Amino acid sequence: MSAAVAPEKKKLKTPPLEIHYLGDRVLRSPAKRIAKVDDSVRQLAREMLQTMYTSDGIGLAAPQVATNKQLIVIDCEPDEPANPPLILINPQIKSYSKEMCDAQEGCLSIPGVYLDVTRPKAIEVAFKDEYGRPRRLKVTELLSRAIQHEMDHLSGVLFVDRVTNSLALTDELKKHNFSVSAVRPMV
């Protein structure tokens with residue numbers, strides 16, 4: 001990744017973009033493909049990274065900042081300046097592992113709520129990078145989970161929609177003043 005796109009990994013006093021929360025309709029609209037990767041897309045990716053770092057996240061999807069585009073940014077090592085973040089434009093999962101795993105997830109659009117979600121352990125994802133070059137990655141563990149989580153946002157799906165423990169879900173959402181009626185269960 002170019003240093004021109006990747007900002008310094010630090011918190012800003014005010015993030016450049018506003019994150020939207022569970023219950024906001026912008027989170028439920030499917031995102032549109034990006035036809036051309038240009039300076040405006042790279043600027044959006046840069047501002048999304050700055051917003052993500054400021055909010056202590058490891059991933060952010062454009063719909064979370066009310067932008068209806070298929071763009072996600074991810075950095076599983078935000079405290080490691082030498083490792084660049086990932087920018088995925090028009091990502092598509094090409095294959096999933098048969099092996100599934102449970103892990104706790106959280107979301108910048110549902111702050112304070114952490115619940116177990118079952119997902120495939122490994123994926124292969126195809127996408128365009130910040131210069132429009134086609135790329136393909138095989139990933140596992142946390143990066144696999146983060147990409148799947150952020151790609152759900154591009155389809156209007158939130159991680160709470162995938163939570164199967166309805167008692168824990170209801171308890172956590174109420175504890176953090178979110179409405180259970182905003183959840184759209186997938187099972």
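A search of the whole structure, a predicted model, identifies 13 salt bridges. Among them is the pair formed by Lys11 and Asp56, whose closest N and O atoms are 2.8 Å apart. This contact connects distant parts of the chain: Lys11 belongs to the segment before α1 (39–54), whereas Asp56 is placed in the loop between α1 and β1 (59–61), with 45 residues separating the two. Asp56 has a relative accessibility of 57% and is therefore classed as exposed, the threshold being over 50%.

A second salt bridge is formed between Arg145 and Glu105, with a distance of 2.6 Å between the closest N and O atoms. Because Arg145 is located in helix α2 (residues 141–154) and Glu105 in strand β4 (residues 100–105), the pair ties together parts of the chain that are 40 residues apart in sequence. Both Arg145 and Glu105 are buried.

Helix α2 also contributes Asp152 to a contact with strand β5 (residues 115–120), in which Arg119 lies. The side chains of Arg119 and Asp152 meet in a salt bridge with an N to O distance of 3.1 Å, and the two residues are 33 positions apart in the chain. Arg119 has a relative accessible area of 3% and is thus buried. For Asp152, the corresponding value is 10%, so that this residue is likewise buried. Through salt bridges that share partners, Arg119 and Asp152 are joined with Glu105, Arg145 and Arg162 in one network.

Terms used:
Residues are numbered from 1 along each chain as its sequence is written. This is a predicted model: local features need pLDDT of at least 70, side-chain atom pairs count only at pLDDT 80 or more; totals for chains, interfaces and linings use all residues. Side-chain values use heavy atoms; hydrogens and water are left out. A salt bridge is a side-chain nitrogen of Lys or Arg within 4 Å of a carboxyl oxygen of Asp or Glu. Helices (H or I, at least four residues) and strands (E, at least two) are DSSP runs, numbered from the N terminus. Buried means under 20% relative accessible area, exposed over 50%, partly exposed in between (1.4 Å probe, protein chains only).
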